[in-house]
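Hi,

Here is the structure I promised to pass on. Have a look when you get a minute, and my notes are underneath.

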Amino acid sequence: MKVYIKALSYYLPERIVTNAELLNDFPEWSVDKVTAKVGVTSRHLAADNETAGDLAEKAARRLFEEYGISPSEIDFLLLCTQSPDYFLPSTACLLQHRLGIPVTSGAFDYNLGCSGCIYGLAVAKGLVSAGIARNVLLLTAETYSKYLHPSDKSNRSIFGDGAAACLISTDGFAEIGDFVCGTDGSGAENLIVKTGASKQRKPTGIFKEDEEGHTWYDDYLYMNGGAIFNFTLETVPVLVRQLLDKSGSQKEEIDYFIFHQANKFMLNTIRKVCVLPKEKFYVSLENTGNTVSSTVLIGLKDCLLNGTIKAGMQVVVAGFGVGLSWGGTILKFSNQN
């Protein structure tokens, strides 16, 4: 059974923080240095009282309005987030009620980051293929900014908040291909928030310096940039080869590549290692930053709007990061909405 992306939208918070504003906290930096290092000039950040659930709701409502979709058509809801509104209940259950989706629909959260939209597409395709659902609403939403220590200039320059909404169905404008997914939990501590959940509920106040000279705070997000970079360079080229082999495609037959928008330097290095043409490779973090699970869906939407992706094209989409985890698929585009 063929399964498709039928609709796609996204939402970014109203608050925008520019590099010039970041310099108020980090005067040793320059605007040009931040831009050159990570490829970001501004990022959208959630308000203090704005949650990932709020962002996801706005992305979903935008999708409904843009495509003339009624919430009554949805029969399954998936939410990818690592910043849920509550430990329980599932934020997806709250969104079912807030969006007016029927009570006969299934709904659940799943905790995954940078590969999250790929995993969501895989689960949604499985639900539709198995006849469990006809119209699956996949939402990705993250507010990493709330996990960042005020002195963490590296991650504050990289990450932005945002949400995306994607409808997966039995018809649509992009056929979803086979998937390649992987997980390596041995690298979990390279991207982690150590406290707040059941393992260590109370803050510890502990911090230490890692081998790169970055401060690791137990109570805030920590990323070992060097380890994540090496993991990506080892994993993504293999992922691309496996995807091509599984689909029986040649690299030259792929019209475009949209990878998780981690940072500009990492993306350009991946492109060179994978030997991909620059004109076929998406890099766009300038006004959004790294929005974690939403970067690929945001990229797809922007490419549809600006005409980069057209009917008849094959597009590789891939995500990789926290977990450690990775995944990819090939989308075949037909008539677009």
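Below is what I found, starting with the sheet and ending with the backbone oddities.

One caution before anything else: this is a predicted model.

**The sheet**

There's an open sheet of nine strands, and the order across it is β5-β4-β6-β7-β1-β8-β15-β14-β13, with mixed pairing. The edges are taken by β5 (106-110) and β13 (256-259); each has a single partner strand, so one side of each has no neighbour in the sheet. Going from one strand to the next, the twist averages 20°.

If you want one pairing to look at in detail, try β1 (residues 4-11) with β7 (residues 162-169): they run antiparallel and share seven bridges. Tyr11, for instance, has Ala163 in β7 as its bridge partner. As a reminder, strands in a sheet pair through backbone hydrogen bonds, in either the parallel or the antiparallel sense.

Back at the edge, Gly106 is in strand β5. Leaving out residues up to four places away in sequence, Gly106 touches Asp75, Phe76 and Leu77. If you'd like a distance to orient yourself, the C-alpha atoms of Gly106 and Ser334 are separated by 29 Å, with the two positions 228 residues apart along the chain.

**What packs on it**

Helix α9 (residues 295-305) lies across β1, β6 (136-142), β7, β13, β14 (314-321) and β15 (325-333), and the helix runs at about 100° to β1.

On the aromatic side, I get twelve pairs in the structure. One of them is Phe231 with Trp326, a tilted pair with 5.8 Å centre to centre and 55° between the planes. That pair links distant parts of the chain, as Phe231 is in helix α7 (residues 225-247) and Trp326 is in strand β15, 95 residues apart.

**The cavity**

How many cavities of 30 Å³ or more does the structure hold? There is one, and the space in this largest cavity comes to about 40 Å³. Its lining is made up of Gln261, Tyr282, Ser284, Thr288, Gly289, Thr291, Thr295, Ile298 and Gly299. By class, that lining has two nonpolar and seven polar residues, and no charged ones. Thr295, Ile298 and Gly299 are among the lining residues, and helix α9 covers residues 295-305, so have both on screen together.**Backbone oddities**

Most peptide bonds are trans, and most residues other than glycine have a negative phi. Here are the spots I'd look at with that in mind:

- The peptide bond from Leu88 to Pro89 is cis, with omega near 5°. Pro89 sits in the loop between β4 (76-80) and α4 (91-99).
- The peptide bond from Gly323 to Leu324 is also cis, with omega near -5°. Leu324 belongs to the loop between β14 and β15.
- Val275 has a positive phi, near 55°, despite not being a glycine. You'll find Val275 in the loop between α8 (264-274) and α9.

That's the lot from me.

Cheers

Note on methods: Residues numbered from 1 in each chain as written. Predicted model: local features only at pLDDT ≥ 70, side-chain atom pairs only at ≥ 80, totals over all residues. Heavy atoms only, no water. Pairing = 2+ DSSP bridges. Helix = DSSP H or I, 4+ residues; strand = E, 2+ residues; numbered from the N terminus. Axes fitted to C-alpha atoms, helices over the stretch in contact; angles between N-to-C directions. Contact = heavy atoms within 4.5 Å. 1 Å grid on protein atoms, 1.4 Å probe; cavity = no way out; pocket = protein on both sides within 12 Å on 5 of 7 lines; lining within 4 Å. Points joined across faces, edges and corners; volume = space filled by probe spheres on them. Nonpolar A, V, L, I, M, F, W, Y, C, P; charged D, E, K, R; others polar. Phe/Tyr/Trp six-rings, centres within 6.5 Å; stacked < 30°, edge-to-face > 60°.
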